[in-house]
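Let's walk through this one together, starting with rings and then moving on to helices and charges. Have the sequence and the 3D view open as you read.

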Amino acid sequence: MWPVGEHTSAQIVSNWYNVLMIYVLTGTNLYEIRLRQAEIIKSLKSQTKQPNIDKLTLSELSVLLLGENLFSETVTIILNGLSERKDIYESVINLIIKNKDKTDIILIENSLDKRTIIYKNLAKNAKIENYKEYTERDSSFLEKWILNYAKEKNITVPVKAVRLLINWVGPNQEQLAHAVNRLALMNDFTEEGIKTYIPKTPSSFAFDLLATAINKDSTKLNEMLVDLKQTQEPHMLFGLLASQLIQATTLTVATVNENVAKDLGASPYAISNLKRAINITPKQAKQAITILYEADSSMKRLGIDPWQAIEIALKKLTQL
């Protein structure tokens with residue numbers, strides 16, 4: 001099993017096995033949180049109870065904490081998103097801490113405010129584990145993770161295809177795992193298979209739009225815009241266009257020895273593709289940034305339709 005969060009699974013299970021615990025799993029990496037939850041339950045060898053947070057009451061939780069151990073086998077209680085119930089959140093946490101020797105508890109939260117008394121009390125009485133989403137900076141780790149994940153499923157994967165997959169899907173583990181499973185089902189883990197069977201991320205669409213505009217292919221650009229208007233959110237797409245342009249601009253002024261990928265927090269594979277597909281001079285880069293700035297201003301200050309602003313900006317880019 002791979003490293004998760006700030007601890008390895010083996011270390012955590014070894015340290016806390018067979019000890020009644022409050023486990024707090026926080027962060028936005030839902031894939032690793034789900035794996036960690038399964039590991040905890042497996043190590044505890046217990047049944048699970050997951051009450052409806054929307055309807056949870058203090059009396060119901062008291063029954064779960066005290067009654068289950070009296071009349072049934074060991075039970076692990078899972079509370080997902082408890083902090084959303086602000087009316088009972090602090091009281092429930094206090095009740096859990098007070099009865100922490102009664103049963104195991106797994107709390108799952110997107111985030112916790114470390115400044116609060118609740119967090120400080122949990123830090124003293126619980127095992128808090130944080131699972132952050134990976135970014136393009138972690139592309140090397142994600143390559144190894146995909147190769148291991150595929151190996152467990154007896155799938156041979158070309159490294160080049162893995163790099164394309166990360167660039168195509170993004171660094172989200174949930175989406176990457178789904179993509180690997182789909183490619184395995186189609187028995188086509190190749191670069192062509194990825195392009196055929198795996199949906200692109202918005203960042204990939206932004207890359208293609210920018211490259212098409214810079215390379216002055218107006219016909220293809222119009223076709224892409226017609227399709228994207230049906231599936232993409234324009235404000236997010238515009239933000240991604242700006243991000244891609246900033247990376248391309250950085251490449252125009254960077255020296256050969258500078259580690260652009262590291263400085264930008266992008267994968268070397270993505271930067272290599274960007275450099276190959278979008279070849280502009282420093283002067284053109286400055287003009288392109290001005291064009292996107294004007295488009296952004298037209299949306300925010302003049303209320304111009306975002307798709308219209310994007311279309312105008314991209315057509316101006318074809319004229320650089």
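A search of the whole structure turns up three aromatic pairs, where rings of Phe, Tyr and Trp (its six-membered ring) pair if their centres lie within 6.5 Å. Tyr31, Trp145 and Tyr149 are joined into a cluster by ring pairs.

Before going further, a word on what you're looking at. This is a predicted model, in which local features need pLDDT of at least 70 and side-chain atom pairs count only at pLDDT 80 or more, while totals for chains, interfaces and linings use all residues. Residues are numbered from 1 along each chain as its sequence is written, and side-chain values use heavy atoms, with hydrogens and water left out.

**The overall picture**

The protein chain has 16 helices and five strands; these are DSSP runs numbered from the N terminus, with helices (H or I) of at least four residues and strands (E) of at least two. Of its 320 residues, 45% count as buried, meaning under 20% relative accessible area, with exposed being over 50% and partly exposed in between (1.4 Å probe, protein chains only). Take contacts (heavy atoms within 4.5 Å) between residues at least 6 apart in sequence: 75% of them join residues at least 24 apart.

**Where H2 meets H8**

How do helix H2 and helix H8 cross, and at roughly what angle? The axes of H2 (residues 30–44) and H8 (residues 173–186) come within 7 Å and cross at roughly 80 degrees. Here axes are lines fitted to C-alpha atoms, for helices over the stretch in contact, and angles run from 0 to 180 degrees between N-to-C directions. That makes H2 roughly perpendicular to H8, a label for angles of 65 to 115 degrees (under 35 is roughly parallel, over 145 roughly antiparallel and the rest oblique). On the H2 side, the contact uses Leu30, Tyr31, Glu32 and Arg34, and H8 brings Gln173, Glu174 and Ala177. Sorted by class, that's three nonpolar, one polar and three charged residues. Ala, Val, Leu, Ile, Met, Phe, Trp, Tyr, Cys and Pro count as nonpolar, Asp, Glu, Lys and Arg as charged, and the others, Gly among them, as polar.

**Salt bridges**

The count comes to 12 salt bridges, each being a side-chain nitrogen of Lys or Arg within 4 Å of a carboxyl oxygen of Asp or Glu. Here are some of them, with the distance between the closest N and O atoms:

| Acid | Base | Closest N and O |
|---|---|---|
| Glu174 | Arg34 | 2.9 Å |
| Glu129 | Arg36 | 2.8 Å |
| Asp208 | Lys200 | 1.8 Å |

Glu174 sits in H8 and Arg34 in H2, so this pair ties together parts that are 140 residues apart in sequence. Glu174 is partly exposed at 33% relative accessible area, and Arg34 is partly exposed at 42%.

Are Arg36 and Glu129 buried or exposed? Both are buried. Arg36, Glu39 and Glu129 are linked in a salt-bridge network.

In the third pair, Asp208 is partly exposed at 21% relative accessibility, and Lys200 is partly exposed at 23%.

**Two loop residues with positive phi**

Lys45 isn't a glycine, yet its phi is positive, at about 55 degrees. Lys45 lies in the loop between H2 and strand S2 (47–49) and counts as exposed at 68% relative accessibility. Asn187, another residue other than glycine, has a positive phi near 55 degrees. Asn187 is found in the loop between H8 and helix H9 (191–197) and is exposed, with a relative accessible area of 72%.

Technical notes
Phe/Tyr/Trp six-rings, centres within 6.5 Å; stacked < 30°, edge-to-face > 60°.
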